[in-house]
Amino acid sequence: MLKNYIKIALKVFARRKFFTFISLFAISLTLVVLMVATAALDFVFSPMPPEVKQDRTLIIEHVQMSGPDYVQGGNPGYKFLDTYMRTLPGVELTSIWSEQRIVSSYKDGYDLKPYLKRTDGEFWKILEFTFLEGGPFTADDDKNANFVAVINQATREKLFGNGPALGKFVEADRQRFRVVGVVANIPIYRMIPFSDIWVPTGTTPDPEYKQ
């Protein structure tokens, strides 16, 4: 019985081969696009290292002021986060970090243009990076404005080749940092953890960021 059904279906398809091809091709292409899109979205937004605690993580990345005649919004400043985020009830750990931005870092006269992110010691406790060398900088490093840095594997290879990077120095954003850790590369679409170089927020040249 099943063979008869298959034979009938094939004969029907064979009557108008062109339209059959178009129909099957369209259905297959649609399914492929949906599967690829679903896989891509899952890869970008699903919990995966170093963002493995998303189910209990609150991210504050936009604030808004509004009145009878205006609405103004943007990224929250350090002062706002330091004052109000740290006092939220039930918070286990809090971290404040800057958006990664391209800075200048030269080797042999060539500007590598790495991404740099400024953050604190708690950042490394909330996110679980894979360290290939050394370890993260600490809250004391941030508090004391120690010029230390964590770099990713790609930056290590660009600056130091295949050799170790611990204890060596990297110049970025017109500052000189001692490397204390090297982590595995993070894809650029993981916007919260991604960078090429991470340094303490306390090393920010202009102290007005605190206000």
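**Pocket, patch and loops**

Colleague: Which elements each supply at least two residues of the lining of the largest pocket?

Modeller: Happy to help, and please keep in mind that this is a predicted model. The lining of the largest pocket is made of 47 residues. The elements that each give at least two residues to this lining are helix 2, helix 3 (78-85), strand 6 (115-119) and helix 4 (123-126).

Colleague: Into which classes do the residues of that lining divide, nonpolar, polar or charged, and how many are in each?

Modeller: The pocket itself has a volume of about 1400 Å³. Lying nearest its centre are I59, I60, S95, W97 and I192. The residues of the lining divide into 12 charged, 11 polar and 24 nonpolar.

Colleague: Where is F19 found, and is this residue buried or partly exposed?

Modeller: F19 belongs to helix 2, which covers residues 17-45. Together with F18, F21, I22, F25, L29 and V33, F19 makes a nonpolar surface patch of about 730 Å². Its relative accessible area is 47%, and buried would need under 20%. Therefore F19 counts as partly exposed.

Colleague: What is the phi of A145?

Modeller: You will find A145 in the loop between helix 5 (139-143) and strand 8 (148-152). Most residues other than glycine have a negative phi. A145 is not a glycine, yet its phi is positive, at about 55 degrees.

Colleague: Is R174 buried or exposed?

Modeller: R174 sits in the loop between strand 9 (169-172) and strand 10 (175-183). R174 also has a positive phi, about 65 degrees, although it is not a glycine. Its relative accessibility is 89%, and the cut-off is over 50%, so R174 counts as exposed.

Technical notes
Residues numbered from 1 in each chain as written. Predicted model: local features only at pLDDT ≥ 70, side-chain atom pairs only at ≥ 80, totals over all residues. Heavy atoms only, no water. Patch = residues over 30% accessible without salt bridge, like charges linked within 9 Å, V, L, I, M, F, W, Y side chains within 5 Å. Areas by Shrake-Rupley, 256 points an atom, 1.4 Å probe, with all protein chains shown as cover. Salt bridge = Lys/Arg side-chain N within 4 Å of Asp/Glu carboxyl O. Helix = DSSP H or I, 4+ residues; strand = E, 2+ residues; numbered from the N terminus. Buried < 20%, exposed > 50% of the residue type's maximum accessible area, 1.4 Å probe, protein only. 1 Å grid on protein atoms, 1.4 Å probe; cavity = no way out; pocket = protein on both sides within 12 Å on 5 of 7 lines; lining within 4 Å. Points joined across faces, edges and corners; volume = space filled by probe spheres on them. Nonpolar A, V, L, I, M, F, W, Y, C, P; charged D, E, K, R; others polar.
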